[in-house]
Amino acid sequence: GKALLAEFGAVHQRFTAHLETMTDEDLAQATEEQFPNTPQTRLGALQFLLMHESYHVGQLGALRVMTGKKSWIEKMQG
């Protein structure tokens, strides 16, 4: 568990650092992979992936509540 979380944190840091170096021209480049309902650019891919992952986070939150655990939002608020 802890090793997985550590790796997730490391990937997040590398990804964030990479995003900070991207220019408008980089983000406007076309993608080979096609994503639904977004411009077929790197920026469009990032927009779709953010929405997609957020959807799954919401599903996990709903499952958490359905199994009798506190909402992660309540947990963050104390």
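Which helix supplies the largest share of the lining of the largest pocket? The answer is α3, with 8 residues. The legends below describe close-up views of a predicted model.

**Figure 1. Lining of the largest pocket in the predicted model**. The largest pocket encloses about 620 Å³ of space. Its lining consists of 15 residues, of which His12, Phe15, Leu49, Leu50 and Glu53 are the closest to the centre. At least two lining residues come from each of α1 (2-21) and α3 (42-66), and α3 accounts for the largest share, 8 residues. Sorted by class, the lining holds 9 nonpolar, 4 polar and 2 charged residues.

**Figure 2. The aromatic pair of phenylalanine 35 and phenylalanine 48**. The structure holds 1 aromatic pair. A pair of aromatic rings is described by the distance of the centres and the angle of the planes. For phenylalanine 35 and phenylalanine 48 the centres lie 5.5 Å apart and the planes meet at 40°, an arrangement classed as tilted. Phenylalanine 35 belongs to the loop between α2 and α3, whereas phenylalanine 48 belongs to helix α3, so the pair ties together parts that are 13 residues apart in sequence. Both phenylalanine 35 and phenylalanine 48 are buried.

**Figure 3. Surroundings of threonine 41 in the loop between α2 and α3**. Is threonine 41 buried or exposed? With a relative accessible area of 18%, threonine 41 falls under the 20% limit and therefore counts as buried. The side chain of threonine 41 reaches the backbone nitrogen of glycine 44 at a distance of 3.0 Å. When neighbours within four places in sequence are set aside, threonine 41 is in contact with Leu27, Ala28, Gln29, Ala30 and Thr31.

**Figure 4. Exposed residues asparagine 37 and glutamate 32**. Asparagine 37 lies in the loop between α2 (24-28) and α3, and its relative accessible area of 80% makes it exposed. Most residues other than glycine have a negative phi. The phi of asparagine 37, in contrast, is positive, near 60°. Glutamate 32 is also placed in the loop between α2 and α3. A relative accessible area of 82% is over the 50% limit, so glutamate 32 is classed as exposed. The C-alpha atoms of glutamate 32 and valine 57 are separated by 26 Å, and these residues stand 25 residues apart along the chain.

**Figure 5. Leucine 43 in helix α3 and its separation from aspartate 24**. Leucine 43 is part of helix α3. At 38% relative accessibility, leucine 43 counts as partly exposed, because this value lies between the limits of 20% and 50%. A distance of 8.9 Å separates the C-alpha atoms of leucine 43 and aspartate 24, which are 19 residues apart along the chain.

**Figure 6. Serine 71 in the loop between α3 and α4**. Serine 71 is located in the loop that joins α3 to α4 (72-77). The relative accessibility of serine 71 is 16%, so the residue counts as buried. Which residues are in contact with serine 71, leaving aside its neighbours within four places in sequence? These are Arg64 and Val65.

Terms used
Residues numbered from 1 in each chain as written. Predicted model: local features only at pLDDT ≥ 70, side-chain atom pairs only at ≥ 80, totals over all residues. Heavy atoms only, no water. 1 Å grid on protein atoms, 1.4 Å probe; cavity = no way out; pocket = protein on both sides within 12 Å on 5 of 7 lines; lining within 4 Å. Points joined across faces, edges and corners; volume = space filled by probe spheres on them. Helix = DSSP H or I, 4+ residues; strand = E, 2+ residues; numbered from the N terminus. Nonpolar A, V, L, I, M, F, W, Y, C, P; charged D, E, K, R; others polar. Buried < 20%, exposed > 50% of the residue type's maximum accessible area, 1.4 Å probe, protein only. Polar contact = N/O pair within 3.5 Å; in protein donor to acceptor, adjacent residues only side chain to side chain. Contact = heavy atoms within 4.5 Å. Phe/Tyr/Trp six-rings, centres within 6.5 Å; stacked < 30°, edge-to-face > 60°.
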